[in-house]
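Dear colleague,

Please find the structure below, followed by an account of its pockets and nonpolar cores.

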Amino acid sequence: MAAQDPLFPESAVIHGVTVRRAALTGTEQADLLGEIQDIARVSRPFSLMTGWGKPMSVKMTAAGRFCWFSDRRGYRYIEAHPETNAAFPPIPALALAVWSQFETRVPPDCCLINYYGEGARMGLHQDRDEADFGYPVVSISLGDPALFRIGGIERKDPTRSFWLESGDAMVLQGDNRLAFHGIDRIKFGGSGLLPKGGRLNLTLRRVAEA
Ligand code: MD3
Ligand code: FE
(Lines give C-alpha, C1' and ligand atoms only; values in the text may rest on other atoms or scores of the structure.)
(Ligands and ions follow the chains in the order given, each with its own letter.)
Protein backbone atom coordinates (compact mmCIF):
# COMPACT_ATOMS: atom_id res chain seq x y z
CA MET A 1 0.00 0.00 0.00
CA ALA A 2 1.26 3.48 -0.82
CA ALA A 3 2.26 5.88 1.94
CA GLN A 4 -0.50 8.05 3.33
CA ASP A 5 -0.74 11.48 1.73
CA PRO A 6 -2.33 13.89 4.24
CA LEU A 7 -4.02 15.76 1.39
CA PHE A 8 -5.47 12.61 -0.15
CA PRO A 9 -5.54 9.91 2.54
CA GLU A 10 -6.57 6.44 1.48
CA SER A 11 -8.87 6.24 4.45
CA ALA A 12 -10.02 9.27 6.34
CA VAL A 13 -12.61 10.07 8.94
CA ILE A 14 -14.51 13.06 7.57
CA HIS A 15 -17.05 14.57 9.97
CA GLY A 16 -17.12 11.24 11.82
CA VAL A 17 -17.67 9.14 8.70
CA THR A 18 -15.07 6.70 7.37
CA VAL A 19 -14.41 7.44 3.70
CA ARG A 20 -11.95 5.40 1.70
CA ARG A 21 -10.89 7.55 -1.24
CA ALA A 22 -10.09 5.66 -4.45
CA ALA A 23 -11.15 2.32 -2.95
CA LEU A 24 -11.53 1.21 -6.58
CA THR A 25 -8.92 1.88 -9.25
CA GLY A 26 -9.97 3.39 -12.59
CA THR A 27 -9.97 -0.07 -14.16
CA GLU A 28 -12.07 -1.50 -11.32
CA GLN A 29 -14.54 1.40 -11.64
CA ALA A 30 -14.93 0.69 -15.37
CA ASP A 31 -15.35 -3.05 -14.71
CA LEU A 32 -17.95 -2.46 -11.99
CA LEU A 33 -19.78 0.01 -14.25
CA GLY A 34 -19.94 -2.71 -16.92
CA GLU A 35 -21.46 -5.11 -14.40
CA ILE A 36 -24.03 -2.49 -13.33
CA GLN A 37 -24.95 -1.87 -16.98
CA ASP A 38 -25.54 -5.63 -17.41
CA ILE A 39 -27.73 -5.66 -14.28
CA ALA A 40 -29.69 -2.59 -15.47
CA ARG A 41 -30.43 -4.28 -18.81
CA VAL A 42 -32.32 -7.13 -17.11
CA SER A 43 -33.43 -5.29 -13.97
CA ARG A 44 -34.58 -1.93 -15.37
CA PRO A 45 -34.18 1.06 -13.04
CA PHE A 46 -37.53 2.49 -11.88
CA SER A 47 -38.70 5.73 -10.23
CA LEU A 48 -40.27 5.41 -6.81
CA MET A 49 -42.90 7.70 -5.35
CA THR A 50 -41.92 9.92 -2.46
CA GLY A 51 -44.15 10.30 0.58
CA TRP A 52 -45.35 13.55 -1.04
CA GLY A 53 -46.74 11.73 -4.09
CA LYS A 54 -44.03 12.98 -6.46
CA PRO A 55 -41.60 10.61 -8.23
CA MET A 56 -38.03 10.58 -6.90
CA SER A 57 -35.46 12.14 -9.23
CA VAL A 58 -33.14 9.20 -8.51
CA LYS A 59 -33.81 5.95 -10.39
CA MET A 60 -33.30 2.68 -8.55
CA THR A 61 -32.68 -0.98 -9.11
CA ALA A 62 -30.83 -3.67 -7.16
CA ALA A 63 -28.67 -6.76 -7.07
CA GLY A 64 -28.87 -9.45 -4.43
CA ARG A 65 -31.94 -10.81 -2.63
CA PHE A 66 -33.58 -7.49 -1.69
CA CYS A 67 -34.43 -4.13 -3.24
CA TRP A 68 -35.81 -1.18 -1.31
CA PHE A 69 -39.24 -0.11 -2.52
CA SER A 70 -41.86 2.52 -1.76
CA ASP A 71 -45.43 3.13 -2.89
CA ARG A 72 -48.65 4.50 -1.39
CA ARG A 73 -48.67 1.52 1.00
CA GLY A 74 -45.34 2.61 2.47
CA TYR A 75 -41.69 1.60 2.48
CA ARG A 76 -40.39 -1.96 2.43
CA TYR A 77 -37.88 -4.34 0.88
CA ILE A 78 -39.09 -6.48 -2.04
CA GLU A 79 -37.61 -9.69 -3.51
CA ALA A 80 -38.88 -9.37 -7.09
CA HIS A 81 -38.65 -6.58 -9.67
CA PRO A 82 -41.89 -4.53 -9.54
CA GLU A 83 -42.37 -4.67 -13.35
CA THR A 84 -41.11 -8.16 -14.31
CA ASN A 85 -41.49 -10.05 -11.00
CA ALA A 86 -38.01 -11.51 -11.65
CA ALA A 87 -35.47 -12.00 -8.87
CA PHE A 88 -32.61 -9.48 -8.81
CA PRO A 89 -29.22 -10.51 -10.28
CA PRO A 90 -26.32 -11.48 -8.00
CA ILE A 91 -24.22 -8.76 -6.36
CA PRO A 92 -21.04 -8.06 -8.41
CA ALA A 93 -17.87 -9.60 -6.93
CA LEU A 94 -16.08 -6.23 -6.87
CA ALA A 95 -18.83 -4.78 -4.68
CA LEU A 96 -18.69 -7.80 -2.35
CA ALA A 97 -14.93 -7.29 -2.05
CA VAL A 98 -15.45 -3.68 -0.90
CA TRP A 99 -18.04 -4.81 1.69
CA SER A 100 -15.53 -7.38 3.03
CA GLN A 101 -13.04 -4.60 3.73
CA PHE A 102 -15.47 -3.25 6.35
CA GLU A 103 -17.68 -6.17 7.47
CA THR A 104 -16.69 -9.83 7.70
CA ARG A 105 -19.41 -11.27 9.98
CA VAL A 106 -22.12 -11.50 7.31
CA PRO A 107 -22.42 -10.99 3.55
CA PRO A 108 -24.71 -8.26 2.22
CA ASP A 109 -28.12 -9.39 0.91
CA CYS A 110 -28.93 -6.12 -0.89
CA CYS A 111 -26.98 -3.92 -3.28
CA LEU A 112 -29.20 -0.96 -3.98
CA ILE A 113 -28.23 0.83 -7.20
CA ASN A 114 -29.14 4.52 -7.37
CA TYR A 115 -28.77 6.46 -10.64
CA TYR A 116 -28.50 10.26 -10.52
CA GLY A 117 -29.05 12.04 -13.84
CA GLU A 118 -28.73 15.80 -14.33
CA GLY A 119 -30.45 17.64 -11.46
CA ALA A 120 -31.20 14.52 -9.42
CA ARG A 121 -30.97 14.70 -5.65
CA MET A 122 -31.95 12.70 -2.61
CA GLY A 123 -33.63 14.41 0.32
CA LEU A 124 -32.54 13.97 3.92
CA HIS A 125 -33.73 10.58 5.25
CA GLN A 126 -32.81 7.67 7.53
CA ASP A 127 -32.24 4.06 6.43
CA ARG A 128 -34.18 2.10 9.02
CA ASP A 129 -36.00 -0.72 7.20
CA GLU A 130 -33.26 -3.30 7.86
CA ALA A 131 -33.54 -5.93 10.63
CA ASP A 132 -30.28 -5.24 12.48
CA PHE A 133 -28.64 -1.81 12.69
CA GLY A 134 -25.53 -3.50 14.11
CA TYR A 135 -24.47 -4.17 10.53
CA PRO A 136 -23.06 -1.27 8.50
CA VAL A 137 -24.20 0.20 5.20
CA VAL A 138 -21.33 0.44 2.70
CA SER A 139 -21.60 2.95 -0.16
CA ILE A 140 -19.61 2.96 -3.42
CA SER A 141 -19.69 6.04 -5.68
CA LEU A 142 -19.21 5.84 -9.47
CA GLY A 143 -19.26 8.69 -11.98
CA ASP A 144 -20.01 12.35 -11.31
CA PRO A 145 -19.09 13.93 -7.93
CA ALA A 146 -21.92 14.28 -5.41
CA LEU A 147 -22.36 16.60 -2.44
CA PHE A 148 -23.25 14.30 0.47
CA ARG A 149 -24.91 15.66 3.62
CA ILE A 150 -25.08 13.90 6.97
CA GLY A 151 -26.65 14.98 10.25
CA GLY A 152 -27.58 13.25 13.48
CA ILE A 153 -30.28 10.81 14.50
CA GLU A 154 -32.88 13.57 14.68
CA ARG A 155 -33.95 15.55 11.63
CA LYS A 156 -33.29 18.84 13.41
CA ASP A 157 -29.67 17.95 14.26
CA PRO A 158 -26.96 20.04 12.54
CA THR A 159 -25.60 18.62 9.27
CA ARG A 160 -22.18 18.53 7.57
CA SER A 161 -21.42 18.07 3.88
CA PHE A 162 -18.57 16.76 1.77
CA TRP A 163 -18.02 15.60 -1.80
CA LEU A 164 -18.00 11.95 -2.81
CA GLU A 165 -16.06 11.09 -5.96
CA SER A 166 -15.93 8.17 -8.35
CA GLY A 167 -14.25 5.18 -6.72
CA ASP A 168 -14.80 6.37 -3.15
CA ALA A 169 -16.21 3.94 -0.59
CA MET A 170 -17.86 4.99 2.65
CA VAL A 171 -19.02 2.97 5.66
CA LEU A 172 -21.92 4.01 7.85
CA GLN A 173 -21.92 2.27 11.21
CA GLY A 174 -22.21 2.92 14.91
CA ASP A 175 -23.56 6.40 15.65
CA ASN A 176 -23.86 7.12 11.91
CA ARG A 177 -25.96 4.08 11.06
CA LEU A 178 -29.23 5.87 11.85
CA ALA A 179 -28.08 9.37 10.92
CA PHE A 180 -30.16 11.50 8.55
CA HIS A 181 -28.36 11.84 5.22
CA GLY A 182 -28.92 12.77 1.59
CA ILE A 183 -27.40 14.01 -1.66
CA ASP A 184 -27.87 17.75 -2.30
CA ARG A 185 -26.63 17.80 -5.89
CA ILE A 186 -24.22 16.29 -8.35
CA LYS A 187 -21.67 17.93 -10.64
CA PHE A 188 -23.26 16.64 -13.85
CA GLY A 189 -20.56 15.77 -16.39
CA GLY A 190 -17.86 16.15 -13.75
CA SER A 191 -16.50 12.66 -14.40
CA GLY A 192 -15.97 10.86 -17.67
CA LEU A 193 -16.89 7.44 -16.28
CA LEU A 194 -20.53 7.21 -17.42
CA PRO A 195 -20.67 7.77 -21.20
CA LYS A 196 -23.78 10.00 -20.92
CA GLY A 197 -22.85 11.56 -17.56
CA GLY A 198 -24.46 11.10 -14.18
CA ARG A 199 -23.69 9.22 -11.01
CA LEU A 200 -24.25 5.70 -9.71
CA ASN A 201 -24.25 4.89 -6.03
CA LEU A 202 -24.20 1.32 -4.77
CA THR A 203 -25.27 0.77 -1.18
CA LEU A 204 -24.53 -2.64 0.24
CA ARG A 205 -26.72 -3.66 3.14
CA ARG A 206 -27.73 -6.57 5.34
CA VAL A 207 -31.53 -6.50 5.27
CA ALA A 208 -32.56 -9.86 6.79
CA GLU A 209 -31.62 -11.11 10.24
CA ALA A 210 -28.33 -13.05 9.98
C1 MD3 B 1 -25.75 7.30 6.21
N2 MD3 B 1 -27.93 6.83 -0.91
O3 MD3 B 1 -29.57 4.64 -0.92
S4 MD3 B 1 -25.00 6.75 0.03
C5 MD3 B 1 -29.61 5.39 0.08
O6 MD3 B 1 -25.47 8.50 -2.61
C7 MD3 B 1 -28.76 6.60 0.10
O8 MD3 B 1 -27.20 7.45 -3.31
C9 MD3 B 1 -27.13 7.99 -1.04
O10 MD3 B 1 -28.84 7.34 1.03
C11 MD3 B 1 -26.55 7.98 -2.42
O12 MD3 B 1 -30.31 5.18 1.07
C13 MD3 B 1 -26.10 8.11 0.00
C14 MD3 B 1 -24.39 6.91 1.60
C15 MD3 B 1 -25.24 6.41 2.71
C16 MD3 B 1 -25.97 5.26 2.62
C17 MD3 B 1 -26.65 4.76 3.73
C18 MD3 B 1 -26.56 5.44 4.93
C19 MD3 B 1 -25.19 7.11 3.88
C20 MD3 B 1 -25.84 6.63 5.00
C21 MD3 B 1 -27.20 4.95 6.08
C22 MD3 B 1 -27.06 5.62 7.26
C23 MD3 B 1 -26.35 6.80 7.32
FE1 FE C 1 -29.98 6.36 2.61
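The second largest pocket of this predicted model has a volume of about 450 Å³. A pocket is an open set of points on a 1 Å grid over the protein atoms alone, where a 1.4 Å probe fits, with protein on both sides within 12 Å along at least five of seven lines; lining residues have an atom within 4 Å of a point. A volume is the space filled by probe spheres set on the points, which are joined across faces, edges and corners.

Of its 18 lining residues, Gln 37, Ala 40, Pro 45, Tyr 115 and Leu 200 are closest to the centre. Helix H1 (26-42) is one of the contributors of at least two residues, and its five residues form the largest share. Helices are DSSP runs (H or I, at least four residues) and strands likewise (E, at least two), numbered from the N terminus.

The largest pocket encloses about 980 Å³. Its lining comprises 44 residues, with Met 56, Met 122, Gly 123, Leu 124 and His 125 nearest the centre.

The largest nonpolar core (buried Ala, Val, Leu, Ile, Met, Phe, Trp, Tyr and Cys joined through side-chain atoms within 4.5 Å; buried means under 20% relative accessible area with a 1.4 Å probe, protein chains only) has 35 residues. Within it, Met 60, Phe 162 and Met 170 have the most contacts. Strand S4 gives the most to this core, four residues.

Residues are numbered from 1 along each chain as its sequence is written, and chains are lettered from A and ligands numbered from 1 in the order written. Local features need pLDDT of at least 70 and side-chain atom pairs pLDDT 80 or more, while totals for chains, interfaces and linings use all residues; side-chain values use heavy atoms, without hydrogens and water.

Yours sincerely

How values were computed:
Buried means under 20% relative accessible area, exposed over 50%, partly exposed in between (1.4 Å probe, protein chains only).
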